Amino acid sequence: MKELIEGDGCMREVLYRAMDGRMDRRGCERGEAVCQRCELAGIEAGVEGVEAEVEGVEADVEGVEAEVEGVEADVEGVEAEEQGEEMGRGEREEWTEETTRRWEEESKRAGRSSGI
Ligand SMILES: [Zn+2]
């Protein structure tokens, strides 16, 4: 009876083994009132099933989110393309000191080469 109290297997399994010497018994059988341990194991299995289901749903959600991100990336790509086109259309270099310096250098170089 020590096993029944301290063991963590099926209570019925332990009882049958002690009373009838049956070693082939594995847990409570269908149609029998389940013992506390089998009930607990069943509940745990059920909880695991639900958790697995939730994880599956979360994986689905992540998949959808990844899809949405992919679509958003596409949209951004299209927008960047459009902006590039707009920039290309309205391309107008701003005249800065840097431009002046470059222009002067180029004209100096041009003047030198034409002088030779
Ligand atoms: Zn049991």
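**Exercise 1. Work out how many helices and strands this predicted model contains, and in which order the elements run.**

Solution. Start with the count: the secondary structure of this predicted model comes to 4 helices and 0 strands. Then read from the N terminus on, and the elements follow the pattern α-α-α-α.

**Exercise 2. Find which element has the lowest mean pLDDT and which has the highest.**

Solution. Begin with the whole protein, where the average pLDDT is 83 and 85% of the residues score at least 70. Next, go element by element. Helix H1, residues 2–6, has the lowest mean value, 60. At the other end of the scale, helix H3, residues 36–89, has the highest, 89.

**Exercise 3. Determine what share of the residues counts as buried, and which residues of helix H2 are buried.**

Solution. The protein has 116 residues, and 3% of them count as buried. Now turn to H2, which spans residues 11–20. Here Arg12, Glu13 and Val14 are buried. Just past the helix, H2 is followed by Gly21, whose phi is positive, near 70°.

**Exercise 4. Decide whether Arg22 is buried or exposed, and name the residues it touches beyond four places in sequence.**

Solution. First place the residue: Arg22 sits in the loop between H2 and H3. Then count its surroundings. Arg22 has 11 C-beta neighbours inside 10 Å, so Arg22 counts as exposed, the cut-off being 12 or fewer. Finally, leave out residues up to four places away in sequence, and Arg22 touches Tyr16 and Arg17.

**Exercise 5. Classify Gly9 by its C-beta neighbours and trace its contacts.**

Solution. Gly9 belongs to the loop between H1 and H2. Because it has 17 C-beta neighbours inside 10 Å, Gly9 counts as partly exposed. Setting aside residues up to four places away in sequence, Gly9 touches Val14 and Arg37; Val14 is one of the buried residues of H2. As a last step, take the pair Gly9 and Arg26: they are 17 residues apart in sequence, and their C-alpha atoms are 9.0 Å apart in space.

**Exercise 6. State what share of the contacts between residues at least 6 apart joins residues at least 24 apart.**

Solution. Keep the contacts between residues at least 6 apart in sequence; of these, 27% join residues at least 24 apart.

Notes:
Residues numbered from 1 in each chain as written. Predicted model: local features only at pLDDT ≥ 70, side-chain atom pairs only at ≥ 80, totals over all residues. Buried ≥ 20, exposed ≤ 12 C-beta atoms within 10 Å, placed from the backbone. Helix = DSSP H or I, 4+ residues; strand = E, 2+ residues; numbered from the N terminus. Contact = placed C-beta atoms within 7 Å. pLDDT = per-residue confidence, 0-100.
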